[in-house]
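This briefing covers the secondary structure elements of one chain and how they pack. The sequence and the model come first, and the notes follow by topic.

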Amino acid sequence: DKLCDQISDAILDEALRQDPLARVAAECFATTGLVVVGGEISTTAHLDIETIARRTLRRIGYTDESIGIDADTCTIQNVIHEQSPDIAQGVNKGEGLDTELGAGDQGIMFGYACRQTDTYMPLPISLSHQLLRALTNKRQSGALPYLRPDSKAQVTVEFEERTPVSVHTVVISTQHDPDASHDQVTRDVISVIKEVIPDTLLHSDTRFLINPTGRFVIGGPHGDAGLTGRKIIVDTYGGWSSHGGGAFSGKDATKVDRSGAYMARYIAKNLVAAGIADDIEIQLAYAIGVSKPISVYVDTRGTSSYDDATIISLIHDHFELSPEGIITSLDLRRPIYEQTAAYGHFGRDDIDVSWEKLDKVDAIKASVAILELA
């Protein structure tokens with residue numbers, strides 16, 4: 001699934017590189033020896049879909065059928081067509097019922113932030129992403145050369161109230177060469193876990209479940225077919241916060257599934273960093289072709305001294321919520337998306353993305369100071 005997300009976002013990035021106004025909804029399906037790319041794209045860019053797909057497969061490490069798929073010999077099918085004119089007229093500025101650029105779809109989007117980690121993310125999903133990055137680094141550096149690209153992690157954390165106190169269980173399933181024994185994989189992966197997770201969170205009873213079936217040789221698209229947009233919880237907050245249901249990858253920023261969720265995260269992170277709440281979830285709702293959100297909702301889960309009406313007023317004062325305002329303020333017409341299609345879209349301190357910036361904190365604090373003086 002994440003392979004397909006990366007192909008979809010690689011196509012989006014190439015479209016935006018040539019045509020920042022491209023409308024893209026690129027979907028990907030991968031199975032044994034086959035990658036199918038479909039969806040809707042309207043752009044002046046020339047897109048060599050086959051080259052983009054093969055390059056992405058090769059970068060990830062899928063270069064042999066025995067691993068799951070071979071970037072150089074697999075079949076690539078391209079069944080992309082243009083965006084529906086019925087949708088386009090609602091989104092294009094001045095063409096629909098709204099004079100401004102309208103939302104590309106209806107739906108609700110959520111953003112979240114908390115103080116569990118330095119990146120304002122829930123600890124379980126943060127640790128899961130760190131573990132997978134570490135395993136990838138070990139594979140690509142040659143430190144653990146028997147590892148293969150397919151892997152996933154799950155971390156169970158014990159909490160007291162809403163404060164994390166220890167790691168209860170770590171589950172990692174990672175594909176490996178046939179010659180690697182289960183004991184070797186277990187020993188090496190536990191060593192990586194202990195490099196990533198602080199000693200203060202591990203204890204003698206922490207469970208390590210490494211390849212729980214005992215063997216993981218057949219993987220990638222050969223072991224499990226993949227599809228763009230099927231890992232929406234991995235992409236966001238690991239189930240700690242709500243999700244509106246819309247996927248991200250392969251969609252340009254007129255699709256509020258993506259841009260609305262990015263703005264909601266941006267709002268939530270800046271509000272928490274400004275001291276408005278220790279834990280906050282933001283919900284935005286849109287109607288297709290309409291430029292303004294049809295609702296804004298906040299839930300501070302009892303961690304704020306400010307009422308919801310005050311917080312919503314701060315949101316309207318400091319953040320652009322129309323699709324065009326979101327795209328402009330977050331600078332979303334750039335080829336920045338392939339890097340988000342693995343290891344999550346939020347809480348990333350290894351890439352430079354606008355929705356993770358804390359550039360509204362001082363202005364929010366100044367507004368609050370004025371309110372308190374009043």
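Helix 5 (residues 182-196) lies across strand 8 and strand 9, and its direction makes about 130° with that of strand 9. The model is predicted. The notes start with the sheet that contains these strands, then turn to a second sheet, the helices packed on it, and one further helix.

**Sheet with strands 7, 8 and 9**

- This is an open sheet of 3 strands in the order 7-8-9, and its pairing is mixed.
- Strand 7 and strand 9 (207-210) are at the edges with a single partner strand each, so one side of each has no neighbour in the sheet.
- From one strand to the next, the twist averages 15°.
- Strand 7 (residues 147-160) and strand 8 (residues 163-176) run antiparallel and are joined by 11 bridges.
- Within this pairing, Phe159 is opposite Pro164 of strand 8.
- The two strands form a hairpin, with 2 residues between strand 7 and strand 8.
- In the turn of this hairpin, Glu161 has a positive phi of about 60°.

**Sheet with strands 6, 11 and 12**

- A further open sheet has 3 strands in the order 6-11-12, with antiparallel pairing.
- Its edge strands are strand 6 (107-114) and strand 12 (295-299), each of which pairs on one side only.
- On average, and with direction ignored, neighbouring strands of this sheet are turned by 15° against each other.
- Strand 11 (residues 279-286) pairs with strand 12 over 5 bridges in the antiparallel sense.
- Gln283 is opposite Tyr297 of strand 12.

**Helices on the 6-11-12 sheet**

- Helix 8 lies across strand 6 and strand 11, and runs at about 30° to strand 6.
- Helix 9 (residues 308-318) also packs on the sheet, where it touches strand 11 and strand 12.
- The direction of helix 9 makes about 125° with that of strand 12.

**Helix 8 against helix 10**

- The axes of helix 8 and helix 10 (residues 323-330) come within 10 Å and cross at roughly 60°.
- This crossing is left-handed.
- Helix 8 contributes Val256, Ser259, Gly260, Tyr262, Met263 and Tyr266 to the contact, and helix 10 contributes Pro323, Ile326, Ser329 and Leu330.
- By class, the residues of this contact are 7 nonpolar, 3 polar and no charged.

**Helix 8 against helix 11**

- Helix 8 (residues 256-273) packs against helix 11 (residues 361-373) at an angle of about 60°, and the axes are 9 Å apart.
- Helix 8 is therefore oblique to helix 11.
- The crossing of helix 8 and helix 11 is right-handed.
- Asn270, Leu271 and Ala273 of helix 8 make the contact with Val361, Ile364 and Lys365 of helix 11.
- The contact of helix 8 with helix 11 comprises 4 nonpolar, 1 polar and 1 charged residues.

**Helix 4**

- Helix 4 (residues 123-141) has 19 residues.
- From its first C-alpha to its last, helix 4 reaches 27 Å, close to the 27 Å expected at 1.5 Å a residue.
- Gly142 follows helix 4 and has a positive phi, near 90°.

How values were computed:
Residues numbered from 1 in each chain as written. Predicted model: local features only at pLDDT ≥ 70, side-chain atom pairs only at ≥ 80, totals over all residues. Heavy atoms only, no water. Helix = DSSP H or I, 4+ residues; strand = E, 2+ residues; numbered from the N terminus. Expected span 1.5 Å × (residues − 1). Axes fitted to C-alpha atoms, helices over the stretch in contact; angles between N-to-C directions. Parallel < 35°, antiparallel > 145°, perpendicular 65-115°, else oblique. Left-handed = near helix turned anticlockwise from the far one by under 90°. Contact = heavy atoms within 4.5 Å. Nonpolar A, V, L, I, M, F, W, Y, C, P; charged D, E, K, R; others polar. Pairing = 2+ DSSP bridges.
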